[in-house]
There are 8 protein chains.
Amino acid sequence: MGSDSDLPTMAAAIAICEEFGVAHEVAIVSAHRTPERMVEYAQNAHRRGLKVIIAGAGGAAHLPGMVASLTPLPVIGVPVSSRQLQGVDSLYSIVQMPRGIPVATVAIGNAQNAGLLAVQILASHQPKLLDRVQAYRQTLKQSVLEKQQRLEQ
Amino acid sequence: MGSDSDLPTMAAAIAICEEFGVAHEVAIVSAHRTPERMVEYAQNAHRRGLKVIIAGAGGAAHLPGMVASLTPLPVIGVPVSSRQLQGVDSLYSIVQMPRGIPVATVAIGNAQNAGLLAVQILASHQPKLLDRVQAYRQTLKQSVLEKQQRLEQ
Amino acid sequence: MGSDSDLPTMAAAIAICEEFGVAHEVAIVSAHRTPERMVEYAQNAHRRGLKVIIAGAGGAAHLPGMVASLTPLPVIGVPVSSRQLQGVDSLYSIVQMPRGIPVATVAIGNAQNAGLLAVQILASHQPKLLDRVQAYRQTLKQSVLEKQQRLEQ
Amino acid sequence: MGSDSDLPTMAAAIAICEEFGVAHEVAIVSAHRTPERMVEYAQNAHRRGLKVIIAGAGGAAHLPGMVASLTPLPVIGVPVSSRQLQGVDSLYSIVQMPRGIPVATVAIGNAQNAGLLAVQILASHQPKLLDRVQAYRQTLKQSVLEKQQRLEQ
Amino acid sequence: MGSDSDLPTMAAAIAICEEFGVAHEVAIVSAHRTPERMVEYAQNAHRRGLKVIIAGAGGAAHLPGMVASLTPLPVIGVPVSSRQLQGVDSLYSIVQMPRGIPVATVAIGNAQNAGLLAVQILASHQPKLLDRVQAYRQTLKQSVLEKQQRLEQ
Amino acid sequence: MGSDSDLPTMAAAIAICEEFGVAHEVAIVSAHRTPERMVEYAQNAHRRGLKVIIAGAGGAAHLPGMVASLTPLPVIGVPVSSRQLQGVDSLYSIVQMPRGIPVATVAIGNAQNAGLLAVQILASHQPKLLDRVQAYRQTLKQSVLEKQQRLEQ
Amino acid sequence: MGSDSDLPTMAAAIAICEEFGVAHEVAIVSAHRTPERMVEYAQNAHRRGLKVIIAGAGGAAHLPGMVASLTPLPVIGVPVSSRQLQGVDSLYSIVQMPRGIPVATVAIGNAQNAGLLAVQILASHQPKLLDRVQAYRQTLKQSVLEKQQRLEQ
Amino acid sequence: MGSDSDLPTMAAAIAICEEFGVAHEVAIVSAHRTPERMVEYAQNAHRRGLKVIIAGAGGAAHLPGMVASLTPLPVIGVPVSSRQLQGVDSLYSIVQMPRGIPVATVAIGNAQNAGLLAVQILASHQPKLLDRVQAYRQTLKQSVLEKQQRLEQ
């Protein structure tokens, strides 16, 4: 993430990694304040064994796209909600990447889904993790059914 | 994709799969006109060995999100440009998914990047494919440098 | 509705049904978390004697359009206000349906009007209910006139 | 509709009525240029035996909402695309009705869906018409499957 | 105005009329809940000696445009801020009138300027009132200069 | 108007003045390229006997608001459609004036309505001109009725 | 700035000037309430030795563009956030200047960056100030690295 | 600029530099396809004697902001119009920079103003260039006056 002010948003992605038992690391890398550090971090990520990178940023949110341009790994972008434009600027800056360099963008402020998408990317090659994704979906269903039951009482 | 009218947009994703030698299939599955077929397609995709699904749709673009809710595989969504709202409706319908069910959204009309993202997801577990992604990036760089040279002449 | 978090919004539709003495049922059916349940619910609704379906959802609001694609009954969609985009995403996801599958969309967050529209649809074939709609309109007028009188005092 | 310039858009609604054998009439009633005629038309519609009204308008599109305020019948609004704001103004003017007076709004420029919604409203009380709606849906499915077959050849 | 909920916004227009000693009346006339009353009010306004009409409304804000279609007098429209779309819907519904029927639209929620515009319209034919407008402008200037002085201390 | 490129838009306002026999003058005054000329023009307008000023501008459309700040006369603003943002920038720059200085804004590109509004402002003090406004409205009605007749043939 | 209500926003620009030891002056000059004062201020600024002008304004934010049209100096515009449209109106009014008269626009509400941009403009001709800009950047980097360290503890 | 497809837009900036006799160089540097080249270019620009950098980019337009984060020189950003979102994405990506790293943003597609802003930045320290800016402004005024004369004939 680009700043520790993004941590309240990004914490949900970390929580998902922990819930699914997926190894991960957390780094503050700013595209605008530490551009050289960002270049180094992104260029070496796949050599260090990382499989997926989640990057969150707000406003002129350049971090996800710049990291994506420096790594062959899939990069997931989380548009962090901005004060003035409510994250529309963050969304456009992250999703509207030019031909050649994709960023897998999730909903504004929805780092939980970034975590889940990372897990699903890993799971497509790990049958056990895929089962855990299915089990997670089952709990989502269950919670809807329980709400229905409570409504009927 | 939801309709053969999306084919001109989605063809760029097919071309990328062919360029990288990645096995793929193409299906017209409409969330609104063939909902039962969509349910069946999405529920069985991972059992049939698919690893990633790319879904393109325009307007009230429900296909990517609905497929994502029915499969544990990562789903990439392509917002197809719409006549009246130029794809803003498609983008919002695809990217703004609720907690629990992510869709990896790319730029409006940018199916080439959807193809590349799918390749990168597969490549994170296949070193040879990762090398090809790096080589592809090299050709992007080369073409920029050639343009610079032409400019200087 | 897609979640019990939509209940505060959707309660106004239930209140209208009760006010007009129109039989109704309330269900939590999530397009993304219980897609199979949604398919079953929507496909059987007209066989169970339902005449109109009201569906509310927020963000990538797929529920109304998906239900509409699975039932021949008229479906009324309520765009529930979202935190980041204030319901513009919900509105576009619900109203911008493709040719063939309409959703009768009301104002963002205005479930009361969804209830009234359902009553008016039923009333077009029930003269007594039509009279009650007219009487309801009369009370709206009366309340405006009373406000005018209070203003003049 | 408010002007004969809306006819190219609204013709699709007329075509659906004809396709389903539903009796209908076509009128040019302008909220702004013939307001008295609009009041009279809307107030008497249910007495003349009309069951549903479809109203299309563009820009500051007041016709659907004003007609809705003058009739107890369900009113379907078609936002006609505008030159400058591409129908966003029409959409907001039609869908954002205050509590008490709903307009069943369909997609920008999608009069075909307005016709289908009108048919579905009538069909909820006419089993034979409901069967025809189901048959219509079947042809939509069929056309998707045929496109798939053509794709595979 | 269309509802007494618009009174906190519209009070600023009344205050301006009082400040400039301009005779005025205040009426709650709802385009959607009292359409017949609106027709009568607007059609007779110029016969009763009114010179300018100020109309405020929010959401699908039809009141200013409908009044304008029923009177030859200049109509000033105030887009009242709406909860979901912050008055963009109100602004589009009021300002985007079709050729033939103008509404003189002021800023969202800015009824003070509606009052001033009404005064300026009257003043263009009353030299004394024009002088008062000039004097009012002078006080605006003076207050800026005083703020500058306070800043420098 | 700010440039002769605005003339195709603004010509409709001139045509209305001519149609109603209202004396008028046409000037190219640019807020940004001839600011001193604008100040002089606006400050002296009421002394030269002008009663209403119509100002059209596009993009960062400062002309109407700046003229309004320099004259006690009512100023009508026409947002000229811009290439990139289709006049939304022009509309916001013209209508969102601060408390104290109103601009009577009409629809994007609708100079005809600016002309009509100017005529109505003059007419509120000239009974004969008011009659002509009423007659003009009658021709609008008539043209709608004729379209209805043509439709029925 | 156009009003003392802009002071809480603009204070950050003043703070930057003080931090970098750059001489500056603060003035309240309203485009709409003190247009003549604005003309005089802007026309004489370069003769009085000013090198850069920072102008902040909200809503129909004409001040930066009007000042720019009256001075050959570079003008930096700060879109002050507005209540209804959250500064989108301010941004469009400031940035969308016509060919010939640029305004160097910074982010909505970001007067700190306006101050930094002014310092950088001066620094491009003052090596010592350029060094201070580099040092300032170094502290930005340092603070990111410290946050990373705190995160790891 | 990021691509030779931006050349038709950016050519107007080059033309201004030539018109004012300001030394300049043109480079194609892509933030996403040649990130390392961009880092090197931006880090060394001030050492090579450059005084101002103009950067144009479209869509997720990261080039201006990334260059700004790597140089102490003032950076001018030109939002190049994009196909789908007409440059709103480019504008937000360029202007909404975080505290610490400003980009001097001009209007969408208006590279001419970027050139003029660069000239004005240089001119604030070169009296002769400042005179040329004033002379340029004089020709703008003259062309407006000539248009007025042609209009009057």
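How far apart do the closest C-alpha atoms of chain C and chain G lie? In this predicted model, the closest C-alpha atoms of the two chains are 13 Å apart, and no contact joins them. Chain B and chain E don't touch either, with 16 Å between their nearest C-alpha atoms. Other pairs do meet, and the rest of this passage starts with a single chain before turning to those pairs.

Chain A is a handy place to begin. Its secondary structure adds up to 6 helices and 3 strands, and along the sequence these run in the order α-α-β-α-β-α-β-α-α. Measured out along the principal axes would be one way to picture the chain; in the model, its C-alpha atoms fill a box of roughly 60 × 40 × 30 Å. Chain A has 153 residues, and 66% of them count as buried. As for how the chain folds back on itself, take the contacts between residues at least 6 apart in sequence: 60% of these join residues at least 24 apart.

For a closer look at one element, there is helix 3 of chain E, which spans residues 63-70. This helix is mostly covered, with 8 of its 8 residues buried. The buried set starts with Leu63(E), Pro64(E), Gly65(E) and Met66(E), and carries on through Val67(E), Ala68(E), Ser69(E) and Leu70(E).

Now for the pairs that touch. Between chain D and chain C, 44 residues of chain D are in contact with 44 residues of chain C. Together the two chains bury about 3700 Å², and 57% of that area is on carbon and sulfur atoms. What holds for charged pairs here is simple to state: the rule finds 0 salt bridges across the interface of chain D and chain C. Polar contacts are another matter, with 24 residue pairs found across this interface, both residues at pLDDT 80 or more. On the chain D side, the elements giving two or more residues are helix 3 (63-70), helix 4 (88-95), strand 3 (104-105), helix 5 (111-123) and helix 6 (127-152). Helix 5 of chain D supplies the largest share, 7 residues. Sorted by type, the chain D residues that touch chain C come to 26 nonpolar, 15 polar and 3 charged.

How do the two partners sit relative to one another? Chain D superposes on chain C after a rotation of 180 degrees with 0.0 Å of shift along the axis, at an RMSD of 0.0 Å. The two copies are thus related as by a two-fold rotation axis. The interface residues fit in with this picture: 100% of those in chain D are also interface residues in chain C, so the copies meet through the same surface.

Chain B and chain A make a pair as well. Here 44 residues of chain B are in contact with 44 residues of chain A, and the two chains bury about 3700 Å² between them, 57% of it on carbon and sulfur atoms. The rule finds 0 salt bridges across the interface of chain B and chain A, while the count of residue pairs in polar contact is 24, both at pLDDT 80 or more. Elements giving two or more residues to the chain B side include helix 4 (88-95) and helix 6 (127-152). Helix 5 of chain B gives the most, with 7 residues, and the chain B residues that touch chain A divide into 26 nonpolar, 15 polar and 3 charged.

Conventions:
Residues are numbered from 1 along each chain as its sequence is written. Chains are lettered from A and ligands numbered from 1 in the order in which they are written. This is a predicted model: local features need pLDDT of at least 70, side-chain atom pairs count only at pLDDT 80 or more; totals for chains, interfaces and linings use all residues. Side-chain values use heavy atoms; hydrogens and water are left out. Contact means heavy atoms within 4.5 Å. Buried area is the accessible area (1.4 Å probe) that two parts lose on being put together, summed over both. A salt bridge is a side-chain nitrogen of Lys or Arg within 4 Å of a carboxyl oxygen of Asp or Glu. A polar contact is a pair of N or O atoms within 3.5 Å; within protein, one must be able to donate a hydrogen and the other to accept it, and residues adjacent in sequence count only if both atoms are side-chain atoms. Helices (H or I, at least four residues) and strands (E, at least two) are DSSP runs, numbered from the N terminus. Ala, Val, Leu, Ile, Met, Phe, Trp, Tyr, Cys and Pro count as nonpolar, Asp, Glu, Lys and Arg as charged, and the others, Gly among them, as polar. Buried means under 20% relative accessible area, exposed over 50%, partly exposed in between (1.4 Å probe, protein chains only). Copies are superposed by least squares on the C-alpha atoms of residues with pLDDT of at least 70 in both.
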